[in-house]
Structure formats: C-alpha cells, structure tokens
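Welcome, and please open your viewer. We will take the whole chain to begin with, then zoom in on one strand.

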Amino acid sequence: MKILFATSEAQPFAASGGLADVAGSLPKALVKEGCDCSVIMPYYIKTVSDELKAKLTFVTEFYVPVGWRSQYCGVFKAVVSGVTYYLLDNHYYFNRDFGIYGYYDDAERFAFFSRAVLETVQRLGDIPDIINSNDWQCALVPVYYNIYYRFHHDMRSIKNVFTIHNIQYQGQYGFELLEDVLSIPRHMSRLVEYDGNINFMKGAIEVADKVTTVSPTYAGEILDPWFSHGLDRALNTKQFKTCGFLNGIDTDMYNPSTDKAIAANFSVGKKAGKAACKSALLEKAGLPEDDAPLLGMISRMVEHKGFDLIKAVFDDIVNMGFKVVILGSGDSEYEEFFTEAKARFPERVSFTCGYIPALAKQIYAGADLFLMPSKSEPCGLAQMISLRYGTIPIVRATGGLKDSIVDYGEDMGTGFTFQTYNAHDMLEAIQRACDCYDDPKAWGALVTRAMKADFSWKQSAKLYIGLYEELCNIE
Ligand code: GLC
C-alpha cells in the first residue's frame, strides 16, 4: 500500500509541536509494517538544518495555480530513516524569518501547499492509494482533490484521510478569499462554508473518506461543544466516518538507555542512572540537592494546558514540599508568573522561557513527576515520553491523557489523574503523588510499571493500516 502523508511540519526537518513528532514517527512505523509511506511538506528554507539540506536532491519543478496567479513549486527529495520526504519549495511562501506559521498570508501559503501536494502526485505519476492530510494547514488537500483531481483517470482511485491533531486551529477566513486566493469556484463554496465564514477544517471533514483524530477519547469529546471550538455540528453528521487512534512516540528518539542528551543512561533493569539525571538537572536548574520530589513541566504556556489551575494553587504545590522545574513559553501572563515565582522561591523553582530540546529530555529524565493538567488534550506526547523515562505523570483525565494514563491504585496504574477541571482536584492528585513518593517501595514499583508501558507506534500503526486497507477495498 502506498501512502502519502501531507503535513505542514515533520521531524527532523521542521517542528513547532506534537504534529512534527507524529509526522516524523508514524510514517517510519508504517514503513516498518511493510507500507510504502512518504511524507510531503513545505521546504522552510530558514528552518531546515544545513546537514539535512545537503541530503536533499532536486526532483522537478512546475507552476501551481493560486487563484489567478501561477506560483513556482520546486520538489526536493531526501530519504531519512527509511522514509522518503518530499519538500516543496517556494521562496516567496516559505523563506520567512520568524518561524513556520503566524503570517498575514497563512491561508494563501497553505492553500498553495495543499494544491502543490496534488500537483506533485500528478506530475510524478507516483499515485498513492491514500493521502493522509493533517490539521487545517493541509485540510484543503481533500477539498482540492474533490474539486479538481478526482475525475483525473490516474488519480481517481486515491482515498483521502484527514487527521485532526488539534481542533482549536481550523483555518477560518473571510469569504473574500474564496476564488481569488483559494481557487474554490463560487458554486462549490458550500464545501468550505461554516457559520458564514470559510473554514478549511470543515471542508476536510465534509469531503474526506475518513476523519481520524489522535485518541479515541478525543474523537468522542469533539462531538461536544465544550471541546469542539464550534465544529461539533459538522462532526456530528459525519460520525460514520470518524474515529480516533492513540498516537505513539518515537522510541528511538526517546530512549533513556541510549539518549546522549541526558547525564546518565538508565533502563527498567538498571535504574541507577535516573538519580544521576536528577542531580544533574537540579544543578543545571540552580536548585540545591535534597530528597524533595521534583516536579517537571514542559508546555506551551496557554490556558488550555491548565496554567490557570497551576497559577491558582502554585504556592500550595511548592509548600507541599516540591521542587519545580518548568520549561516553556507562551502567554506573557504565565511567563511573568513563573519569572516571579522563581524570584520568590529561588531554592525551589526554576523556569526557563523558551523551548530547548536537550533540556526537555533532561527534565523528562531527571524529574520524579510530570504535571499536565490540560483542559483538553487531543493526545499529548509528553506524558508518554515521561513514562518512558520513569517520570510519573499527573494528568487531567481528558483526551489522550485519559487513554494513556491509568490512575494509581494498589499494584496498578502508571500515574495520578483527576477528573474535574478544578485546581483543588488537581492539588488532591498531586498530594496523592506526594504520598506515594514518600513510600519508596510503592514508588519503585510504580516507576517500573511506568517504564514498562508500551507507547511505541506498533499498535497504532496497525490501526491506521487497517483503516487504509478498508478504504482501498471500497470501489
Ligand atoms: C497537537 C495536540 C497534541 C497531540 C499532537 C500530536 O499538538 O495538541 O495533544 O499530541 O498534536 O498529535
């Protein structure tokens, strides 16, 4: 089976969040299971490392219609870890200075990219059985397929899968873009119309053969207005083609027994290195070393990640006896709060503003506990990475957090969960974690269970393959 994975970011070429991790690891797992899976993404010239640039070879070039314009597209190719990556080049759209998203013309940039994906397929004549497009940036791939390519004799067998990694970002724009920028004929506007606007994600939900999301619980949650950011009405009528598969993690990239970024390597059978990682992390964070439990957090600092809860009871957490190491950036409200907290508790709190991949791994390895009290969480990868490094997650039972963390009980469970989005319920879970930490025997057994939990892609890759096969058998 030939699969083309269309994404706006993928490891190791460009990453801003969890989508890049999934796009960098699921295709690898599909290849391992015997599929022919390639990744297609924009060529962000300023983001791709020189080392990877050296691996790219030029394949072809052509022009892509964008409204009344015709825009250059160069196709470059590289094989990394057994997966073929196609990078689509256009300096006007993708040679930008400040990151990969957030520009005034993002609608046009990703409309161009989505159309270029289908043009690449057509020009290379290498026709996939499935195109799996991800998130709003690629949501126009199934829409353009439907409008322009499905009657093409070489391409009519292609099936479209659309995967939602986060429903909060939908690609909502005014109708003035319809023909001029998005090349969608007026008589087909209903495909992308939602609540009086253009909504890219709604378009994909409408026309894709299957809609998937990144955990079974989230697939159910997004039918509810509390989670759906308005798209529940679109999804409720398409339940027959919607499902959720839990993401896996890249177990080569996140492996405490080989990881070069951490102070000492360790594994379930040989845990001693974890203590060395804790000491090294405390030293790096400028915190004194003692027996206090160390709580780690790595997150984008936005409300829905649970920062309003943390802010409400942060002093209680510290006063419970924890040391806290935080890495992240986001809303200034939270960045300022943690900068201040660090000044108030210089011996107990460390805050690094930004995202430093090596430090992230040192926190996964060196912390005892990892806090993730999200209001909603499509899947979440940090809790799975924490488990692999023997760091016990404290999570709100929502989305993928609910599907991946079993609450602690006698001789069972891998973490501490709470149900209601409430600061004191979170505090109660943190207190339970603290009590368990004080019982070395129970804690040791919990860490062993956590490290043994399997979140490799093996299981979920099989679920994706099952879904692809089901589609390929439909005439
Ligand atoms: C998004 C979601 C996150 C998920 C990731 C990968 O970033 O917010 O929960 O783990 O995509 O699917």
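Two strands count as paired if DSSP finds at least two bridges between them. Keep that in mind for later, and remember that this is a predicted model.

**Stop 1: the whole chain.** Show it as a cartoon. The secondary structure comes to 18 helices and 18 strands. The C-alpha atoms fill a box of roughly 65 × 45 × 45 Å along the principal axes. The radius of gyration is 23 Å, which agrees with the value near 23 Å for a compact globule of 475 residues. Of those 475 residues, 59% are buried.

**Stop 2: the surface.** Turn on the surface display. The chain exposes about 18800 Å², and carbon and sulfur atoms supply 50% of it. If you colour by charge, look for 46 positive and 59 negative charges, whose mean positions are 4 Å apart.

**Stop 3: strand β6.** Hide the surface and select residues 130-134, which form β6. Are they buried or exposed? Five of the five residues are buried. Now show the side chains. In a regular strand they alternate between the two faces of the sheet. Here I130, N132 and N134 point one way, while I131 and S133 point the other way.

**Stop 4: the neighbours of β6.** Add residues 2-6, strand β1, which runs parallel to β6 and is joined to it by four bridges. Find F5, which stands opposite N132. Next add residues 159-164, strand β7: five bridges join β7 to β6, and these two strands also run parallel. Look for V161 in β7, since N132 stands opposite V161.

How values were computed:
Residues are numbered from 1 along each chain as its sequence is written. This is a predicted model: local features need pLDDT of at least 70, side-chain atom pairs count only at pLDDT 80 or more; totals for chains, interfaces and linings use all residues. Side-chain values use heavy atoms; hydrogens and water are left out. The radius of gyration is taken over C-alpha atoms; the globule rule is 2.2 Å times the number of residues to the power 0.38. Buried means under 20% relative accessible area, exposed over 50%, partly exposed in between (1.4 Å probe, protein chains only). Accessible areas come from the Shrake-Rupley method with a 1.4 Å probe; for residues, only the protein chains shown count as cover. Lys and Arg count as positive and Asp and Glu as negative; His and the chain ends are not counted. The place of a charge is taken as NZ of Lys, CZ of Arg, CG of Asp or CD of Glu.
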